[in-house]
Every structure is written in structure tokens, then in C-alpha cells.
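Visitor: I'd like a close look at one part of this model. Let's pick the place where the chains meet.

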Amino acid sequence: MMLRFANPEAWLFAALLAVLIVLHLRERTRRRVDVPSLLLWRALPATPTRAARLRPSWLLALQCLALLTLIASLADPRRDADPFGAAPTRTVFVLDTSASMQAQEGRESRFAQARRAVRDRIEALPSDAEVMLVTAGNQPAVEVSPTTDHAEALRRLAVLAPVDTAADLDAALSLANRAAERGDRATRIELHTDMPSERLAAPWRGAVSVFPVGETDDNVSIADVQVFQGRFDDPAAAHAFVAVRNFARREAHGVLTLRLDDAIIGRQGFTLAPRSVGGFPIRPLPGPGVLRASLEVEDALAVDNLGYALIRPQQPLRVLAVTDDVGLRADLQRIAGATPGLAVTVIASDAYRDAADADVVLFHRVAPPLPTDAAALYLAPSDARGPFPPLGQAHEVPVVDWLPEHPILHGIKPDFPFRIADARILAAPAWADSVLLSRTDTQDIPLVLAGTAQGWRRAVVAFDPVAEGLLRTERVDILVLLLNLLDWLAPAADDARVVSTGSIEVIDGLADLPRRILDPHGGERHQDATDPPVVDTPFVGAYRVEANGSAIRLYAALHDSEESDIGRSAAVPRLADAVPAALAPPTLARAGVGGALATLAAALLIAEWFFARRQA
Amino acid sequence: MPPNASIADLRATLRRVSEPPFLRGLDRLRFAAQRSVSHRPGATPVARVTQASGLELAAHKPYAPGDDLRYVDWNALARLDQRVVRTFRAEREAPLHLLLDASASMGSPLADGKLAFAAGLAASLAYIALRRGSPVRAAVLANASRNISPMLRHMQRLPELHAFLAPLTPAGPTHLAEGIEAYLRTTQLPGTAIVLSDFLLEARAAEGALDQLRGRGYDVVALRPIGPGERDASTLPRRLQLRDVETGTIRDVEMDAAGRHAYAAAVTAHLQHLKTWCEGRDVAFAAPDTAAGVAACLLADLPRIGVLQ
């Protein structure tokens, strides 16, 4: 075991010992005082003066000891406990780059504070110590691989910036831990974050030294922007709702500004009570476009003061219904009459040739081959030679499973009242998901299948909606299911999307050509046609993905209450003991005794005060 | 101690006690009734006079041959047919003797200003006495020295007393007994003797000095000025080298809690011993606080012990 000092220059303060001794000697010299007579002083024993040499004094000894202990604590002695003796160490710095680190604490941000702390720590390390730098944004990244080139690490550190997303600390710490698991050096993981340590996953507590930053709770955010607009609704019939949340423990004031495609459509001042939410309904909406809500408010975190929503233009849906059933014909006509934008053309099964410019072809009880020029919906296919030959018939089948996030089921959750009286047992094709499922003791019975085949969306309903009562009041869920199916099969051709920061969007509406991606900060990057067509959205704002003259816009906003709730109690760094990774992963190895020495110095000072008081 | 500081302090005190507003405050004061001096045998013998003469009627006594016929009470003879003569209390001067200790100890601690306080008090007492017609004489107690003012009998001569007191500086050892003895040799007229001293000498010597005055028929008042610097030593540093300002003797002491306690006890014992001794011998005693000022002593301390009223 070897003792080393992290701040050896602190021993320069040892010169104060000389000052202490001089003060002691000076205090020991007697001051001459003239008195009117020594008669009154005869009761005091005479203490003859000796030379002002240093005589033993408990108080002086305690003072010197306290001073030395204090200096030793400042020097930060380290006890290397690893089996490699005086082997160099490795420190993995995990720096939180999440959105909340942008919060201003006085004149600088939390991120700047944390970065400064990391810089100080790196500069204090011995030259042979390895450093590694991991950033913890929505996607953790190793910014600096283990290296002894501290200058390079500091250069990389200086250019880091936070992102507008939540942090995945678990993933970042796992990355760091992988470095600790290498048994070549004793390794220490230091996490610089504003996340409360109690929210750290249990395995990391005690294994990671946490250097917390941040205290203020002064933040107001746009919690959500919602637009209520049906698939077939006109924008004039839509309405929007903005939720603004005050995370501070004091009243907040501000102004909410609403823009539609950059034109201001409303401004509204507000006052929010501490830790409360305010709702702002917006109606009517002047037309389609991108609705942008922004806050003008004096708070510490600006990145969550923005929200987006899309108001779609009305998009007509043309449906070609191929059926011989008079009842369905009548039902579809009634549905089309009640739904703006929905046009239904009904033909007999023997009259079907092709989609005839329809967006969706609906086959009822017939099952011709999959159309190659439109999306298709098969209702109760009965043709044994068709693409969905029925394997049998099931009666009174309950719904037992479903894909809750699938848009086909939108509005039908949470409880399924379905109990299908009569359903065909179909074999699910490879391209289809079972969105709605029933089950017997022996087999699964898919009730609704959906997927993409030959470049078009396809769906199959294993039961006959007409027979189940499509327009019966108590079976409105079947009507909703039918409308959702039509909507999903022919999605609105949006060239814009609203996403949450940190999400990865699949851009599937563009041609397989090289793409140019512009981010909100003006950055530009290119994707080859062979790259996966995905876009990462780490920042708040508008992204534009261009290919072959067409473009798709992404509007990213931060709606994360954990990130926006930035208030933290003032915390002190919690240091973890460092142990060799090879012995006890993921913990690290090296312990400072500076804190204990500081405590000892305080105890000595208290003891000195106590004895001095008794002596006085 | 810088001597000029003491002189300046003393002169400032004398100026303050000379100011008309201060003097107006003293106008209502007078010395309490003094013991009669008329019947003390051999005090002031008057040749061929059988009895004292004066204005204050003392008593009647039966006529005896040889009595002065001028004092026969003829009214009593007429009404009672008894021959009685009137006797009178002698009316003599009762001077005020102000005896100041100006030894070096009276100038220490400097901040207490004991000598200046004593001089201001003496000047004020002289004013009170002169205003009531009593003569005043002041003396500085020193070893066989004759630093004595003339007997002052009129208010107009009060400035002479101020001029006598103004140049005083605390110096030399305390010679209380020798000084009093020397003073008594210069006067034959007993009265009230006010001794202003810190009595910082052996108790036996101080008591002997006061006994001399008592033995010569003086009404004795002992005033021991004391200031906060002398009474409370808590502000002194812990390690001290003490020097006696009169003898130059050096003594090293530790002024810790026990030392402070011992000193405070010694001061208390010193004052208590003086008080007890004086009470046992009909000597008025007070230890006025110099910080409270001359006026507080005149208006509170001296009336409390019956010297003034």
C-alpha cells in the first residue's frame, strides 16, 4: 500500500506552522503594566519570567496537530489499494449531456459547471493516469477512449455540448463499467450529473462516485401540444390544446405565443401557481399547417419552452367496395354520407377489374388476388382459392390478445367488448401481424391481420362486420375498427411529422437516393442510399430531410417531465471506493482519506477550544 | 505615565467643577452638623473668662457666686424667684481641612484619573464650605514637605485653591502618616478633615495616620477614589509583568481565571477593611467611583455617609 497526494502543493501551507509558533512565543512574552501598588497583587503567585524559549504546551501541540491535519486533508492523500501496487490508475468520467444540464445556475449552466469539474479533475490527475470520457445523452458515446494524453482529453471535453434529450445513464455507466472490467488498471468511475443519486439504478450506487450539479427549480415548460382532428376532419373542425407546466416552487408568469406556419395566431399571458399545470385551448384554428407554441418566460431552462403539432389539410379517401351484399352496400353509403372526405364506390364482385384510382379496395366475402395498384381490405374472405383461404369456422370467439399500440385499434382501448359470433379461421401470411387475436385450446385465431405486401398495405378481417352489426349502436367499436382500417390502409400523405427529441425516425417516404439532412442548428449531413433511412433528433427544432427534390420535415420538441423538473436539493459529492475492476466489478479502486483528515482536524480544533476554555 | 496627561486631566476637571451650572448644583448642599467644640476642655482656652460666650443658648444653671451678672436670667428671677444664669455654646470656626494624597499611585491606572478626581472633589467641597462661611485649607500629603495652602475664609479666594491644586502631579511614594503629622503641626484649629487617598499602603500605617487626626479632635472623613481600571483587571493580558509605580518593584503574574478572581478578592478585602475600620472609629468612609464623576460623589456618596446634606 502506498500513500500519494493528489495536491502536494498544499504542503506549502506548512509554513503557517512557523507563524503559529511565532504567535505562541509572542503570546508568551509578558506585557509590562504599571499598577498603583503591588499590595493588591500579593494574592497572585509570582511566576518568574524565563527566556522566551518554546516550552511544552498542550494547546500549541493541539494547534500544530490540527493545522498539520488540515493541510494533509487539503493535500488529499490517496491510499492505493490495488494489487498492482503503485500502478497507474484509470478514471472514467461520465458526463451527463441531457437537456436538464442546460439549466442555468447563476451565470453558467449546469453543463458548464460539470465540465469545469471534470476538467479540474483531469488536470489534477498524475500524468500516468488514464482518463476516459463518456457522454450520457440519449445515446451514450465514448468521446475519449482510455488514454494518458490528458491534453487531448481536455480538448475533446472543451467542445462537448449538451443535447435536448433525456439521458440514458444506465447505458453510459455500462459503457464506463466495461472499461472498469479490464483488469489492467485500478479504475474509478466518476459520474457528473444533475440527476439525484437516489434515481440512479441500484447497481451503480456505491460503485460510482457521483458529483452532483444543479439546484434551481425555476422552470416552466410546454408539457404537451395536442391537436384533435379526425382522419376525415376539416381543419376548421379541429381544435388544439396546449398544456404549460410550472415546475418551480414559486409562482410563474409568462406569455404563450402560437404560430401557424410562422404566422402568429395568438398570444396569451399566464400566471401559474407553484408546481401546477395550466391548459390553453385553441379554437378555432385558421387552417392546416404546423402549429408552434412557444413560451416567453424567465426560467432557467429554455429548451422545453417549445412545442409543435400538425394540423392536417382535409384529405379525401376513395374506397372501392367490392361486394354483393346489399346490407353492406347500404351501410357503406350511410357511413360515407356521414363522413366528410370519404367517398365509397360499390360494385359487384363480378364487375371488379382493378382499383380504378381508388385508394383502398374493400373486398367483402370475396378474395381476389392482392391488387397491385392500391391498398386492400378483405372482410370475411370465403374464397378457398384466394390469398386467405379459410381453414375452418369458429363461433363465439372472444378477443384475448391484441397489439395495443397499433393505430388500427386507436380509440378502441382499453377494454375489448368484442365477442365475435362467427369468424373464419385464417392462416396468417408471413407479411402480416395479428393485430387482434382469439385463441382456442388448440390454435390461435387471428381476427384482424395487417401488414405490407407488394408495396401496399393490406388488412384482413376474419369476421363479417355486417353480420356482427356494423351500424348497431352497441357495436360501434366495429365501426371504429373499420374506419381505423381504412385510415391506416391509406395514410395521409404528410410531409411533416412531430416527434419527441431523442427519437429515431424512419424516413420511408423518400426515394432510395442520397439524402441531405439539415438539423435545427444549421448542421448538415448526408446519407447514402445504402444507409438505413433513419434520422436521429437530439435537438429541439425543425429537421429537413431532402432527397431528389422532395423533402420531409421533422419537428422535434422536448416533452419530458423528468428532464423539465430540474429542481435538485443541494448535494455533496458522494465518493465511491475504488477497487480493482478485476476483483470486484464494477466498482473501482482508490480511496481518498482527505475527508477523514478534515474531520479529524475539526475534532482537534474543538478539543483545543475546549482545553483553552478550561484553562482560561 | 506621561505627566502632562495627568496635569491636563486634572486641569480639565478643575475647569468642569468651576463652571456655573455645576456650582449651582452644589448650592443646596451643606456640611452636616458638626460635633460641638465648645465644651472640650482646653480646646480653645480663653483667659479670665468663666464661661463660653456666644449667641446659641445651651442651658440654664443655678447662679453661683462669681458668675457674670450679665447672664442672670432676670425674667426667671421675676417669675420664679430663682436665680439662674444662662450658659451658651461657643461659636468657633469649624474649618474644612482637605488632605490630598498626590503620590504616584494616585496616577495609576492613568485612565482612572484618581488624582484629578480627588482635586475636583476637593475644590467642590471647598466651594460648599466657603459658601456656608467655613474656612478651608488644603494640603498635599508628602514626606515632611510643607505644601499647604493658606486658610481661605471667603469665596473670592476660591481661585487660590484652584491655583494650588492645578499643578499637582502624582509622584513619589505615599507618606500619609508623615504628611498628616506635618500638617497638624501647622494648625491649631480642629474641624473636619477630609483625607483623599487611595490608601495603598500597609493597613497599620493608614490607620495610624487617620488616628492622628482623630486624636486631635478632627471629624475625619476618608475618601478612597477608585476607578474601573483598578477595580476590574479582566481586560489585562494573561501574562503580565507588574511594576509598582511608587517603588518600581517588578512582579510577574499569570492573569488567568484564578488570578482575576484573586485580584478581585484582594480589592474587595482592601475596601472592606478600610470601611470596617472607619465604621468602628466614627470615621466616615466612602470609595467613590471616579468613572461616575465628582457630581455623583457629591450628590450621592457623601450624603449617604452623612458628610453632606
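How many bridges join strand β2 of chain A to β7(B), and do the two run parallel or antiparallel?

Guide: Keep in mind that this is a predicted model. Five bridges join β2(A), residues 31-35, to β7(B), and the two strands run parallel. For one pair to click on, take A:Val35, whose bridge partner in β7(B) is B:Asp244.

Now zoom out to the rest of that contact. On the chain B side, 30 residues are in contact with 20 residues of chain A. Three elements of chain B each supply at least two residues to the side that touches chain A: β7 (239-244), β8 (250-254) and α9 (257-280). Of these, α9(B) gives the most, with eight residues. Sorted by class, that side of chain B has 14 nonpolar, six polar and 10 charged residues.

While you have chain A on screen, have a look at its sheet too. Eight strands make an open sheet with mixed pairing, in the order β19-β18-β20-β21-β27-β26-β25-β23. β19 (342-347) and β23 (401-402) of chain A stand at the edges with a single partner strand each, so one side of each has no neighbour in the sheet. Inside that order, β25(A) (432-439) and β26(A) (444-453) pair in the antiparallel sense over seven bridges, with A:Asp433 standing opposite A:Ala450. Helix α6 (326-338) of chain A packs on the sheet, touching β18, β19 and β20 of chain A, and its direction makes about 160° with that of β19(A). Helix α8 (476-489) of chain A packs on the sheet as well, touching β18, β20, β21 and β27 of chain A.

Methods. Residues numbered from 1 in each chain as written. Chains lettered and ligands numbered in written order. Predicted model: local features only at pLDDT ≥ 70, side-chain atom pairs only at ≥ 80, totals over all residues. Pairing = 2+ DSSP bridges. Helix = DSSP H or I, 4+ residues; strand = E, 2+ residues; numbered from the N terminus. Contact = placed C-beta atoms within 7 Å. Axes fitted to C-alpha atoms, helices over the stretch in contact; angles between N-to-C directions. Nonpolar A, V, L, I, M, F, W, Y, C, P; charged D, E, K, R; others polar.
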